[in-house]
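Visitor: Could you walk me through this model? I want the reasoning behind the labels.

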Amino acid sequence: MEGAPFILLGTMVSGFIDVYMPSGMLEKALPKKKVPAILACGFLGIILPVCECAVVPVIRRLVAKGLPVSCAFTYMLAAPIVNPITILSTWSAFNDQQSLYVTLSRIGIGYLVAVVVGLIVMWVPIEKVIRKSLLARVAAKPEEKDTCCEVNHSCAGEEAHTHEKEHVHAEDRGCCGHDHGHEHSHCSDDSHSHDHDQAVKPGIRVVSAMRSGMKDFVDVAVYFTIGVCLTALFNILQVDHYDTINSFAGDPYAGTAMLMFLAFVLSVCSTSDAFLAASLGSFSYASKMAFMVFGPMLDVKLLFLYQTVMKKRFMMVFCVGLFFGVGGICILWEQADWLFDWCQSLELKFFNEGGAQ
């Protein structure tokens, strides 16, 4: 019940993207070169802030609209972390535990991991990354989808409009939202227009977007439900084992691995996982950081949601690489004492003095 509104929000966003966003618009807005485009997509969550529950249906739609897969993966991994809601919740959760250091570190590591994955995906053939169903939508000509609801139909000659069969654009194209149940007869010299006014009314387009979003919701909700049921089962079984979990806190490597595993099975939303991480006071910053970075990128429910986008073989490599990559970067990140010292001095100089004044 907690996750369903986010899934619904994400699928509604995907529905409106489907209807209102022209194919290739986002690709045109990004830098032309691949690497700068990937770097820019790491910050796209600031404009389109979604949590990990909602990001999968959004990137499915964006890929179908022409966004490069490497850019889509970067956005998919970064958006749950590099967005205003998550940043504010992280700052609030660690308010008395080096909040500036933790917040900047989470943003930095999340962005770095997302960009690295995007750069790797850029060099992998697309047919080895995404499923055939989504690949077919990417390969389809954008013009077939964008021009099916034009208002004025001009024709040159009689054979241009010799339709003897009834045709339905809404089912075949998925964008008009109404049936053309009338036959098109001849074209005369006078300009001839169909009654398409209702197709371009805002209300009709909203309904079409809602229908598209609900279709995505049904597709995604099945996998999401399986994932959260497994998560709920684990939560019931491990409720009495927090002492066992805390026994790993003394070892930075084992503690980091344990919290990443915990983030995977608990599947806490990225907007609230910082509060749980802040309560794990006996663990190192590296372990807490791994919990807050790995969880929004891969958990039980996301494992099932990713099946709607990725091929299974690639997804296995993706999951294993993400586990070791995030863990290693977080452990190395904590070794950067200069960052911790700089953030601590900055907090003392501006925030504490400002509060005292």
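Visitor: Which residues of α15 are buried?

Guide: This is a predicted model. In it, the buried residues of α15 are Ala286, Ser287, Lys288, Met289, Ala290, Phe291, Met292, Val293, Phe294, Gly295, Pro296 and Met297.

Visitor: What makes α15 mostly covered?

Guide: Count them: 12 of its 13 residues are buried. Buried means under 20% relative accessible area.

Visitor: How do you know what span to expect for helix α15?

Guide: Take 1.5 Å times one less than the number of residues. Helix α15 covers residues 285-297 and has 13 residues, for an expected 18 Å. From first C-alpha to last, α15 reaches 18 Å, close to that expectation.

Visitor: Why is phenylalanine 43 called partly exposed?

Guide: Its relative accessibility is 40%. Buried needs under 20%, and exposed needs over 50%. The value falls in between, so phenylalanine 43 counts as partly exposed. Phenylalanine 43 sits in the loop between α3 (34-41) and α4 (52-64).

Visitor: Which residues form a nonpolar patch with Phe43?

Guide: Ile46 and Ile47 join Phe43 in that surface patch. Together the three have about 310 Å² of accessible area.

Visitor: How many disulfides does the structure hold?

Guide: Zero. Take cysteine 71: the nearest cysteine sulfur, that of cysteine 41, is 3.9 Å away. A disulfide needs the sulfur atoms within 2.5 Å, so cysteine 71 is in no disulfide.

Visitor: Why are cysteine 71 and cysteine 330 called buried?

Guide: The cut-off is under 20% relative accessible area. Cysteine 71 has 3%, so it is buried. Cysteine 330 has 1%, so cysteine 330 is buried too.

Definitions and conventions: Residues are numbered from 1 along each chain as its sequence is written. This is a predicted model: local features need pLDDT of at least 70, side-chain atom pairs count only at pLDDT 80 or more; totals for chains, interfaces and linings use all residues. Side-chain values use heavy atoms; hydrogens and water are left out. Patches are made of residues with over 30% relative accessible area and no salt bridge: like charges are joined within 9 Å, nonpolar side chains (Val, Leu, Ile, Met, Phe, Trp, Tyr) within 5 Å. Accessible areas come from the Shrake-Rupley method with a 1.4 Å probe; for residues, only the protein chains shown count as cover. A salt bridge is a side-chain nitrogen of Lys or Arg within 4 Å of a carboxyl oxygen of Asp or Glu. Helices (H or I, at least four residues) and strands (E, at least two) are DSSP runs, numbered from the N terminus. Buried means under 20% relative accessible area, exposed over 50%, partly exposed in between (1.4 Å probe, protein chains only).
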